[in-house]
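User: I would like a close look at one part of this model. Please keep it to the ligand site and what surrounds it.

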Amino acid sequence: APEPMIAPSILSADFAHLGAAADAVSRADWLHVDVMDNHFVPNLTLGLPVVRSLRQATDLPLDCHLMIDDPDRWAVGYAEVGAANVTFHVEAAADPVGTARAIRSAGAFAGLAVKPGTPLAPYLDVLKEFDTLLVMSVEPGFGGQTFMAEVLPKVRLARQHVNAGHLRLFIEIDGGISADTIEQAAEAGVDVFVAGSAVFGAADPGAAVSHLRELARD
Ligand code: DX5
Ligand code: ZN
């Protein structure tokens with residue numbers, strides 16, 4: 001199996017010191033940036049200006065997770081300011097394929113996110129337009145929630161399609177990933193593990209990244 005990838009979520013970091021938070025997890029693979037607009041989810045975080053500044057503050061690839069309405073309008077901007085991966089929610093998009101193509105044309109990976117209650121099967125056909133699939137394992141909006149193992153069949157379904165050669169994408173999981181839950185997600189076939197509170201709530205965030213990666217290895 002390829003090396004598991006860890007993407008610490010800065011949602012659980014100190015927003016006054018985001019550069020220092022990125023430095024603390026420099027051994028991570030991606031830095032996960034949760035963009036919330038207080039409409040798609042009942043919480044508000046940050047947007048384009050902060051991502052633009054963060055891009056200058058770290059060499060880590062920025063994994064932007066847009067929990068916003070109207071991603072068809074806004075998502076490409078995150079690619080233009082240098083995000084490596086721009087993931088938006090299928091529940092919010094009117095034209096997921098057009099938006100994915102715009103993101104890719106701007107030089108970033110395109111990602112599709114599904115909430116816990118959203119089935120994956122109807123979207124298997126459009127996934128060829130994407131580089132990542134983000135399976136939410138909590139209701140989007142807040143860090144520190146309990147992992148929902150009932151989403152793992154979606155991970156297994158995506159993994160089957162990737163392994164059969166029907167799709168080529170990173171399978172990412174987001175929500176409630178910790179030392180207690182990461183192994184079951186890895187077993188289901190996840191490539192990229194987002195972890196917020198389990199990393200930035202730890203005394204040593206860098207060591208937490210290494211520990212999670214170790215546990216996710218077969
Ligand atoms: C929640 C966000 C997650 C969040 C995960 O809506 O998408 O990225 O930061 O936090 P933990 O790992 O604490 O569940
Ligand atoms: Zn997220």
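Is His 32 buried or exposed, going by its C-beta neighbours inside 10 Å? Start there, then work outward.

Analyst: This is a predicted model, so every value here is computed from predicted coordinates. His 32 counts as buried, because it has 29 C-beta neighbours inside 10 Å and 20 are enough for that class. His 32 sits in strand E2, which runs over 31–36. Its contacts, leaving out residues up to four places away in sequence, are Ala 7, Pro 8, Ser 9, Ile 10, Asp 63, His 65 and Val 194.

Two of those partners deserve their own look. Take His 65 to begin with. His 65 lies in strand E3, residues 62–67. His 65 is buried as well, because 28 C-beta neighbours fall inside 10 Å. Beyond four places in sequence, His 65 touches His 32, Val 33, Asp 34 and Val 35. The list for His 65 goes on with Thr 87, Ala 113, Leu 134 and Asp 174.

Now Ser 9. Ser 9 lies in the loop between strand E1 (5–8) and helix H1 (18–24). Although in a loop, Ser 9 counts as buried, because it has 23 C-beta neighbours inside 10 Å. Its contacts, again skipping residues up to four places away, are His 32, Asp 34, Gly 143, Val 194, Ala 195 and Gly 196.

These residues also appear in the record. An unreviewed UniProt entry carries the annotation "binding site" for His 32, Asp 34, His 65 and Asp 174. The four are spread over 143 residues of sequence. In space they cluster: the largest C-alpha distance is 10.6 Å. The unreviewed entry also places a "binding site" feature on a list that includes Ser 9, His 65 and Asp 174. Also on that list are Gly 141, Phe 142, Gly 143 and Gly 144. Gly 175, Gly 176, Gly 196 and Ser 197 complete the list. Such annotations may be inferred rather than shown by experiment.

Next, the ligand. Ligand 1 is surrounded by 22 residues. Ser 9, Leu 11, Gly 143, Gly 196 and Ser 197 are the closest. Strand E2, strand E8 (192–195) and helix H7 (197–200) each give two or more residues to this shell. By class, the shell holds eight nonpolar, 12 polar and two charged residues. Of the closest residues, Ser 9, Gly 143, Gly 196 and Ser 197 also carry the UniProt feature.

Follow strand E2 onward. Asn 38 is in the loop between E2 and helix H2 (48–57). Its phi is near 65°, a positive value in a residue other than glycine. Most residues other than glycine have a negative phi. Asn 38 is partly exposed, because it has 13 C-beta neighbours inside 10 Å.

The chain enters E3 through the loop between H2 and E3, where Pro 61 lies. Pro 61 counts as partly exposed, because 18 C-beta neighbours lie inside 10 Å. Ala 84 is 23 residues away from Pro 61 along the chain, yet their C-alpha atoms are separated by 5.4 Å. Pro 61 touches Trp 30, Ala 84 and Asn 85, not counting residues up to four places away in sequence.

On the other side of E3 comes the loop between E3 and helix H3 (71–80), which holds Asp 70. Asp 70 also has a positive phi, near 55°. With 16 C-beta neighbours inside 10 Å, Asp 70 counts as partly exposed.

Then H3 itself. Its buried residues are Pro 71, Ala 75, Tyr 78 and Ala 79. They lie on the same side of H3, because they cover an arc of only 100° around the axis. In an α-helix there are 3.6 residues a turn, so residues three or four places apart point the same way. The buried residues of H3 pack against H2, E3, strand E4 (85–89) and helix H4 (96–105). Gly 82 follows H3 and has a positive phi, near 105°.

Last, the core. The largest nonpolar core has 72 residues, and Val 86 and Phe 193 have the most contacts inside it. Val 86 touches Ala 75, Tyr 78 and Ala 79, which are among the buried residues of H3. Other contacts of Val 86 include Cys 64, Leu 66, Ile 103 and Ala 108.

Methods:
Residues are numbered from 1 along each chain as its sequence is written. Chains are lettered from A and ligands numbered from 1 in the order in which they are written. This is a predicted model: local features need pLDDT of at least 70, side-chain atom pairs count only at pLDDT 80 or more; totals for chains, interfaces and linings use all residues. A residue is near a molecule or strand if its C-beta atom, placed from the backbone, lies within 6 Å of it. Helices (H or I, at least four residues) and strands (E, at least two) are DSSP runs, numbered from the N terminus. Ala, Val, Leu, Ile, Met, Phe, Trp, Tyr, Cys and Pro count as nonpolar, Asp, Glu, Lys and Arg as charged, and the others, Gly among them, as polar. A residue is buried if 20 or more other C-beta atoms lie within 10 Å of its own, exposed if 12 or fewer, and partly exposed in between; C-beta atoms are placed from the backbone. Two residues are in contact if their C-beta atoms, placed from the backbone, lie within 7 Å. The arc is that of the directions from the helix axis to the C-beta atoms. A nonpolar core is a set of buried Ala, Val, Leu, Ile, Met, Phe, Trp, Tyr and Cys residues joined through C-beta atoms within 7 Å.
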